[in-house]
Amino acid sequence: MTVTPTSPPLTGTVLALRGVSKRFGAVQALKNIDLDVRAGEVLALVGDNGAGKSTLVKTIAGVYTADDGTMVFDGREVRVASPAEAQQLGIATVFQDLALCDNLDVVANLYLGRELRRGRVLDEVEMERSSWELLRQLSAKIPSVRIPVASLSGGQRQTVAIARSLLGQPKVVMLDEPTAALGVAQTAEVLNLVERLRERGLAVILISHNMADVMAVADRVAVLRLGRNNGVFMVSETKTQDIIAAITGATDNAVSERAARRTREEGSAS
Amino acid sequence: MTTPVDGSKVPVQDTVEDPAQEAALPADLQDERLIASHGVSGAIAAFTARLRSGDLGSVPVVVGLVIIWAVFQIANSNFLSSRNLVNLTLQTTSVGVIALGIVLVLLLGEIDLSVGSVSGLSAAIFGVTFVNKGWPLAVSILASVAVGLVIGLFYGALYNRFGVPSFVITLAGLLGFLGLQLWVLGKEGSLNLPFDSAIVKFATQSFLSPAVAYGLVVVTVALYIASRLRARGQRLAAGLSAAPNSIIGLKAVALALVLAVPVAVLNGDRGVSSMFVLLLAMVVATDFAIRKTRWGRSVMAVGGNVEAARRAGINVRMIYLSVFAACSTFAAVGGLLAASRLVAVNQSSGGNDTNLNAIAAAVIGGTSLFGGRGSAYSALLGALVIMSISNGLALLSLDSSVRFMVTAAVLLIAVTIDSLSRRSRQAHGRA
């Protein structure tokens, strides 16, 4: 799967973190993290388990508050104290467990907590109409918006969760492992969706363990290692190998050793 | 394209191949995977497909009600007489009102075991303040309903603050408020309400005149048609599919029959009881609140997935608080109505099987014990089932031993249907 990444249009930084640190007791989960996210760009956030990806995402999303450092959003320095504040600013997060109500239909899930009303009564017609509009814009393949979310596939559920995050007109969308537990076709569907978010001029932060997905869709890759920045790479100018080296922290690691060994073996075999 | 080797099922498709036709379709019917259904036959096909997948709604309870009525009618030809059916409506009302509150807590996936005690306490407070203390009727009614409200708020606060399971909170309430009821009633423990008081007259002697009853039927059907046509117009204007006029017409005729036939039968005796009309109004209002308001949508969401609801910015605590409060308030109103119909308040008001009848009614009516699924109408239908059994067995001069066992069997069947249909819904992706 080779998608040539379009070079990010340099329309300026939407979200910038400077020196963000977060401690949990004796553990320094994040130390001096710098991160820039630009509009119309997909920034992949990668790192090994325990590198601090989730902590960083939750800090940006307002679930945690940073101990140190500044966050500049849209040119203003902001402090985000709660997820609701982050959403109001325009930072939407789709967490891994999606948080959909299986018993409600797609429309109800999309508009959960911000239902459109006529007077005091729910405006089902307008909600359904604009649901279709939104899903069509995202070229989402959802057969009906009046079926319970329980009957959707994993990729469709992810689509609904991402579409819901867009209803608040965000500027930054963070996706936490959107392709984990998805099949090949559904993964491709979600990656297409990520590209469509970029086309809409959104800044997308994509957390993923899957290097193939990252290389396929991201413009830049920010690597975290043990709670610190460990390099930012332009995907178009970088090999997977180098990113893995940055993730694991060395060039002579288990992964590259295996790869090197196989190349050697193949070379000697031929 | 070869057949899939992994044995995975290819979904049965009724594809719309012609792209020109697709463009003409409403926005919600363009996906080619949708099984097309048109007109009346399509609506029937969609309905049967929904039933097969386990989305039974109120079908089992309606079928059950028909069977129960048929059996009792065969056993005793007086069962479906106008006189007995009027009695049935009177008996159903208080249980139906209490069950309405149970439906709300069940939608959240919670339970209130204390509704019987709360209804008894409310009746006791009404009796003591109205009869013994001589408070004005309205003040007494307000006081006893307010007690229900306060109890519900107390439950909600306990639940929100300490996270104690509602099962335990309300089990304590069941005991505690029974005790409070006995304490309020004092030594003699029994009060007769004055026959000439407005509330007793309302509960025992107030019936709609035939003209008013039929007038209500006509108004209801007209409102139904108007709202359907309006919704149809809005949907078409928004480029969505809408039910054709033929379906709306058929549904309106069905509604008219469902309303007019019972009215005709009841008019053969005393008529439609005002108290029963109050129950119907409460059911319709609750149904509206559940399906058409933001509050109701939030209740369904909390019942389906609390965490998702919380993250969507729903004030989950407020939802719990309001639902527990509504449940206890309905219980208090139900207790008042029961006391007024029996023209007495005593130590067994709200006792015996009131509690379990109300809970059983909600479940038999088709509201799921698992939360997030159900309807206000299940309170009405379930209460009719429960009271039909009780009424029919009394007519056959069978005592309460048989009644308890039969009600238990019906409840067991209802819960089993709920569990089975839930499994089927999961298999069909409708859970």
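In this predicted model, 26 residues of chain A are in contact with 30 residues of chain B, where contact means that C-beta atoms, placed from the backbone, lie within 7 Å. On the chain A side, strand 8 (121-122) and helix 4 (124-137) each supply at least two residues, and helix 4 of chain A gives the largest share, 5 residues. Helices here are DSSP runs of H or I with at least four residues, strands are runs of E with at least two, and both are numbered from the N terminus. By class, the side of chain A that touches chain B has 15 nonpolar, 4 polar and 7 charged residues. Ala, Val, Leu, Ile, Met, Phe, Trp, Tyr, Cys and Pro count as nonpolar, Asp, Glu, Lys and Arg as charged, and the others, Gly among them, as polar.

A word on bookkeeping: residues are numbered from 1 along each chain as its sequence is written, and chains are lettered from A and ligands numbered from 1 in the order in which they are written. As the model is predicted, local features need pLDDT of at least 70 and side-chain atom pairs count only at pLDDT 80 or more, while totals for chains, interfaces and linings use all residues.

Now for the sheets of chain A. Two strands pair if DSSP finds at least two bridges between them. Angles run from 0 to 180 degrees between N-to-C directions, with axes as lines fitted to C-alpha atoms, for helices over the stretch in contact. Here are the two sheets:

| Strand order (chain A) | Pairing | Average turn between neighbours, direction ignored |
|---|---|---|
| 2-1-4-5 | antiparallel | 25° |
| 6-9-10-3-11-12 | mixed | 20° |

In the antiparallel sheet, strand 2 (27-38) and strand 5 (76-78) of chain A each have a single partner strand, so one side of each has no neighbour in the sheet. Strand 1 (residues 13-24) and strand 2 of chain A are joined by 8 bridges, and F24(A) stands opposite V27(A) in strand 2. Helix 1 (residues 53-61) of chain A lies across strands 1 and 2, at about 65° to strand 2.

The mixed sheet is open, with 6 strands, and its edges are strand 6 (91-94) and strand 12 of chain A. Inside it, strand 3 and strand 11 of chain A pair in the parallel sense over 5 bridges; L43(A) has R220(A) of strand 11 as its bridge partner. Helix 5 (residues 154-166) of chain A lies across strand 6 and strand 9 (172-176), running at about 165° to strand 6.

Chain A is split into domain 1 (13-238) and domain 2 (239-270), with bounds from an automatic or database domain assignment. Their centres, taken over C-alpha atoms, are 32 Å apart. The contact takes 12 residues from domain 1 of chain A and 9 residues from domain 2 of chain A. The domain 1 side divides into 6 nonpolar, 4 polar and 2 charged residues.

Over in chain B, the axes of helix 15 (residues 354-364) and helix 17 (residues 400-427) come within 9 Å and cross at roughly 40°. These two helices of chain B are therefore oblique to each other: angles under 35 degrees count as roughly parallel, over 145 as roughly antiparallel, 65 to 115 as roughly perpendicular and the rest as oblique. Residues making the contact include A360(B) of helix 15 and L411(B) of helix 17.

Notes: Two residues are in contact if their C-beta atoms, placed from the backbone, lie within 7 Å.
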